[in-house]
Each structure stands twice: as structure tokens, then as C-alpha cells.
Amino acid sequence: MRGRPTKDPHTRPAINTLERLHMELGGQILANRQRHDSLAEQMRHVEAVIKMLDPTYNLGRIAVKRRKPNPWFKRGTLYRRALDVLRTATEPMTTTELAKAVLAAHGVQDATRDDVQGIALGIQHSLKNHEGKAVERVGETSPARWRLFTDRRETV
């Protein structure tokens, strides 16, 4: 084998997948203490496989992935809900305003301040990922204001 296994294009996808699995198992350990022993053993097995593929790999670099699912919106639907709100908006909106409007449109009444902040953060990440495609940031103010993207290129 030439060089380190992590440089080999055939083992790199395996290392990436194992890293993600390691992060998720670490997050599950934090969230679920009852299954701690079983999950910790699974993590040790994943670490052993990573070390078999690359003995010099630093396992300390793998961060624990903490994921708490959103109780109101399935994965991938929050961005579409934010676009629906922006379609009816008369002016650009901040992500917090969008979060409150999305929750109201969905009929959520019992959202805490932390819930609204979490929804706003999810919307913000989605808007940044789609900036210049479906949405655009208006001005340089903080917090950012967003609206639907309008292509300003002139047609000749």
C-alpha cells in the first residue's frame, strides 16, 4: 500500500462514514445514559476499526454529535416553510421573525424562547445554504434580513 490509508481514495469514504458513526454514538451516549454501556462498547468497536484502517489516526479529533430532533417539523421541511412565509411577506424578515411566523402558520402556540431560537437557527443555516439561489440577504445589517431572490441581471 502506498502512503497512509487515509490518503487512499478507497479507504477515505470508510473513514468518513466511521467518523460520522462515532459522532452519532457519542451523542447518543450523552442523551441516553441507560444504554451507556452498550453504546460505549459499540464506540470502542468503531474506534478499533478506524485504528485497523489507519493506526496513526487521532481519535481525539472526532467531536460528539448532539442532535435533538425538532418536535414540529420533519427534516427538510423547515426551509420550505420559511419560503412560504417569505412569499407572502411584504418586506425582508430576520430569521427570528421568520421562525415566529413559521411556528404561527404551523399552529404552534406553546413554543418557548429557546424553541424559537432553535427554529431560527435552523432557518438561518438553510437560508445561508440557498443564498443567491432562492433567497438573498438584504443589506449588511445585523441581524440579517432575508427575502426571495430576484435576479437583477438585465436581458439584452
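This is a short tour of the structure on your screen, with something to select at each stop.

**Stop 1: the whole chain**

Start with everything shown as a cartoon, and keep in mind that you are looking at a predicted model. You should find five helices and two strands. Follow the chain along its sequence and the pattern reads α-α-α-α-α-β-β. Of the 156 residues in the protein, 29% are buried. Now think about who touches whom: among contacts between residues at least 6 apart in sequence, 54% join residues at least 24 apart.

**Stop 2: helix α2**

Select residues 36–53, which form helix α2. How far apart should the ends of this 18-residue helix be? At 1.5 Å a residue, the expected span is 26 Å, and the end C-alpha atoms are indeed 26 Å apart, so the two agree.

Next, colour L39, A40, M43, V46 and I50, the buried residues of α2. Turn the helix until you look straight down its axis: these buried residues fall within an arc of 120°, so they line one face of α2. Here is the idea behind that view: an α-helix has 3.6 residues a turn, so residues three or four places apart point the same way.

What sits on the face turned away from the buried side? There you will find D37, R44 and M52, which are exposed. To see part of what covers the buried residues of α2, show residues 12–31, which make up α1.

**Stop 3: E47 and E19**

Stay on α2 and pick E47, which lies in this helix. Is E47 buried, partly exposed or exposed? Its relative accessible area is 23%, so E47 counts as partly exposed. Leaving out residues up to four places away in sequence, E47 touches H22 and L59. Try a distance label too: the C-alpha atoms of E47 and L18 are separated by 8.3 Å, although these residues are 29 apart along the chain.

Now hop over to E19, in helix α1. E19 has a relative accessible area of 18%, so this residue is buried; the cut-off for buried is under 20%. Setting aside neighbours within four places in sequence, E19 is in contact with R12, Y57, R61 and I62.

**Stop 4: α3 between two crossings**

Select helix α3, residues 78–88, together with helix α5, residues 113–129. Two packed helices are described by the angle between their axes and the distance between the axes. For α3 and α5, the angle is about 85° and the axes are 9 Å apart. That makes α3 roughly perpendicular to α5. Show the side chains at the crossing: L78, Y79, A82 and L86 from α3 meet I119, G122, I123, S126 and L127 from α5. Sorted by class, this contact has seven nonpolar residues, two polar and no charged.

Then add helix α4, residues 95–105, which packs against α3 at an angle of about 95°, with the axes 9 Å apart. Again, that makes α3 roughly perpendicular to its partner, α4. At this crossing, L78, R81, A82, V85 and L86 in α3 meet L98, A101 and V102 in α4. The classes here come to seven nonpolar, no polar and one charged.

**Stop 5: helix α5 up close**

Hide the rest and keep α5. Its 17 residues, at 1.5 Å each, should span 24 Å, and the end C-alpha atoms are 24 Å apart, which agrees. Which residues of α5 are buried? Colour V116, I119, A120, I123, S126 and L127 to see them. They cover an arc of only 125° around the axis, which puts them on the same side of α5. Flip the helix over, and on the other side D114, Q117 and N129 are exposed.

Bring the surroundings back. The cover over the buried residues of α5 includes α3, α4, β1 (135–138) and β2 (145–148).

**Stop 6: A134**

Finish in the loop between α5 and β1, where you can select A134. With a relative accessible area of 25%, A134 is partly exposed. Not counting residues up to four places away in sequence, A134 touches Y79, R147, L148 and F149. For one last distance label, choose A134 and T150: they are 16 residues apart in sequence, and their C-alpha atoms are 8.2 Å apart in space.

Technical notes
Residues are numbered from 1 along each chain as its sequence is written. This is a predicted model: local features need pLDDT of at least 70, side-chain atom pairs count only at pLDDT 80 or more; totals for chains, interfaces and linings use all residues. Side-chain values use heavy atoms; hydrogens and water are left out. Axes are lines fitted to C-alpha atoms, for helices over the stretch in contact, and angles run from 0 to 180 degrees between N-to-C directions. Helices (H or I, at least four residues) and strands (E, at least two) are DSSP runs, numbered from the N terminus. Angles under 35 degrees count as roughly parallel, over 145 as roughly antiparallel, 65 to 115 as roughly perpendicular and the rest as oblique. Contact means heavy atoms within 4.5 Å. Ala, Val, Leu, Ile, Met, Phe, Trp, Tyr, Cys and Pro count as nonpolar, Asp, Glu, Lys and Arg as charged, and the others, Gly among them, as polar. The expected span of a helix is 1.5 Å times one less than its number of residues. Buried means under 20% relative accessible area, exposed over 50%, partly exposed in between (1.4 Å probe, protein chains only). The arc is that of the directions from the helix axis to the C-beta atoms.
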